[in-house]
Amino acid sequence: MRRRILIFSCLMAGASIVLTAVLIYMAVYRNFAGLLRREIATESDLIAAAVELSGHDYLKSLEANPPAVRITLIDAEGTVLFDSGWDPSGMENHLDRPEVRSALETGVGEDARFSRTISRQTFYRAQRLGDGRVLRVAVTTDSIFASLLGLALLTALIASGVFVSAAVIGTGVTRRIVEPINRINLDRPEESPAYDEIAPLLSRMKKQNEIISAQIDEIRQRQIEFRAITDNMREGLLLLDCDARVLSCNKNALRLLQSNADDPVGKNALALNRSETFSRAVERALAGIPSEELTTPGERYLQIFANPVRDVDVVCGAVLVLLDVTEREDRERLRREFTANVSHELKTPLTAISGYAEIIANEVARHEDIPRFAGCIYAEAQRLITLVGDIMTLSRLDEGGVRTPREPVDLGHLVECAIQRTRAAAAKRGIEVAFSGGSAEINGIIRVIEEAVANVLDNAVKYNVDGGSVSIALAEKNGEITLEITDTGVGIPASEQGRIFERFYRADRSRGGAEGGTGLGLSIAKHAMKLHGGRIEVKSDGKHGSTVTLTFPAA
Ligand code: ADP
């Protein structure tokens, strides 16, 4: 900029000098031409008077002492009679000269002619003498252009001098103008030393700075809020531009897509997950088609909602919401399995009942077999009642358990009641049930806890060996209450310990376990514990009994 100002001021100075010189010279020249004309007129009047008085002798005397002007004498026919500069005999007829013609007609004639050959200007003045001849006086001078050319060197010298001075002055002035501007501290313009003329600019800059920093603060705050929201949402959120580059991506999106990209912003989204489903969702969204896809990266189910983002009618990006729907899918799978299992479990006793009833109804059975068949029908009906009871308990826990009000429950007392109820079955097989005593209180739904404890205790008797034992211990430590039920039964192999809490799962019956279970007892117990914020665990070496532990948070 500094160079431009300098060049501009030098050019301006040079141009003004040249222009001024030309204009002044033109004015002077014009003045000079007028003066010359007047001088020629005076001189021509004097010479005419002299010629009128002395006739041709005066002109002859001029030959010896030639004047500064050219004098020509022409007769009325245009023939040159005398010329102070040339031989009149070789000169052409002058009647066509404007000044001569005008002098013959009006008495006086003037003209100025330019000679390209010598680049000079000649002023003519002709006047008619008393005898009809014409006396012409001519003065030749440089043309205006020739004069200007003569001045060109001088003008160029002056212009160069002015150029140099303008350059020196321009440099100094430019520095004085530009340097304070260069020294302005853009962050704190008001503190910069500057001249008065830029003070308004500085105060404007200060205001602009304040506005910009307020806006930046606001944008930053918004960004923090946006990040806080997106990072804390369970869903994954991915914003893409029209070239599928990531504009924004929260932590959960990376986790759900199983990507370990450090900084995905600016990268192609397809690099985050190579699955065909994900690519299809991105491509469709960027083509303006909303889509919903279900994919399974790893062991989890991932639902992708991909929608185009439009600016008026043009798709300028896409927004993808990713949901971990593993639990929903698992629940759905469990529900399907549960329905299938329930149907199967209900069908087995019903088929048996129907079979026995048919034999009796058709009077195919022998009379003495009828009590046995009736016993079987009773047993299967009991099994059905237990099964339906368990299913109802489970569905009660599924649906209403959370809303049931809690009350203080004395676990010690509850265990003693459960032992009372199972004592008959235990005694029948010579199994001893021992409770080391103690009491602990929790907040819970008494009926649900009773059910859990009863199921575990029933199993400890049911899967025990004849003459075995069951020992129950209640303890409170580290803010937790534990109820351990240990039996001396067949044990649970490690391979089955993870599965026995599944609905309808029953361990291998060939291992000698009791018949007649529904496979729902432990899943009811697990559900009940979950409802109370507790847990149920099993320990067994798979041969010598097992220990089932119910852990409750202390009240
Ligand atoms: P079930 O009605 O068959 O008893 P549960 O859900 O109560 O159903 O138990 C599931 C399976 O776990 C049982 O079929 C049994 O094989 C095994 N099991 C549960 N408790 C014990 C235990 N104390 N000792 C050995 N096996 C057990």
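The following dialogue concerns the ligand site, one pocket and one cavity of a predicted model.

Author: In this predicted model, local features need pLDDT of at least 70 and side-chain atom pairs count only at pLDDT 80 or more, while totals for chains, interfaces and linings use all residues. Residues are numbered from 1 along each chain as its sequence is written, and side-chain values use heavy atoms, with hydrogens and water left out.

Reader: What makes a residue part of the group around the ligand, and which come nearest?

Author: A residue is near a molecule if one of its heavy atoms lies within 4 Å of it. There are 18 residues around the ligand, and Asn459, Tyr463, Ala507, Thr518 and Leu522 come nearest.

Reader: Why is the pair formed by the ligand and the side chain of Tyr463 called a polar contact?

Author: A polar contact is a pair of N or O atoms within 3.5 Å. An oxygen atom of the ligand is 2.7 Å from an N or O atom in the side chain of Tyr463, so this pair meets the definition. For the side chain of Lys462, the distance from a ligand oxygen to an N or O atom is 3.2 Å. The protein covers 96% of the 530 Å² of accessible area that the ligand has on its own, by the Shrake-Rupley method with a 1.4 Å probe.

Reader: How do you know which residues line the second largest pocket?

Author: On a 1 Å grid over the protein atoms alone, a pocket is an open set of points with protein on both sides within 12 Å along at least five of seven lines, and lining residues have an atom within 4 Å of a point. By this rule 20 residues line the second largest pocket, with Arg331, Leu334, Arg503, His527 and Lys530 nearest its centre. Its space is about 780 Å³, the volume being that filled by probe spheres set on the points.

Reader: What classes of residue make up that lining?

Author: The lining of the second largest pocket has four nonpolar, four polar and 12 charged residues, where Asp, Glu, Lys and Arg count as charged.

Reader: What makes a space a cavity, and how many are there of 30 Å³ or more?

Author: A cavity is a set of points where a 1.4 Å probe fits but cannot get out. The count comes to one cavity of 30 Å³ or more. The largest cavity has a volume of about 30 Å³ and is lined by Arg37, Ile40, Glu110, Asp111, Phe123 and Tyr124.

Notes:
Polar contact = N/O pair within 3.5 Å; in protein donor to acceptor, adjacent residues only side chain to side chain.
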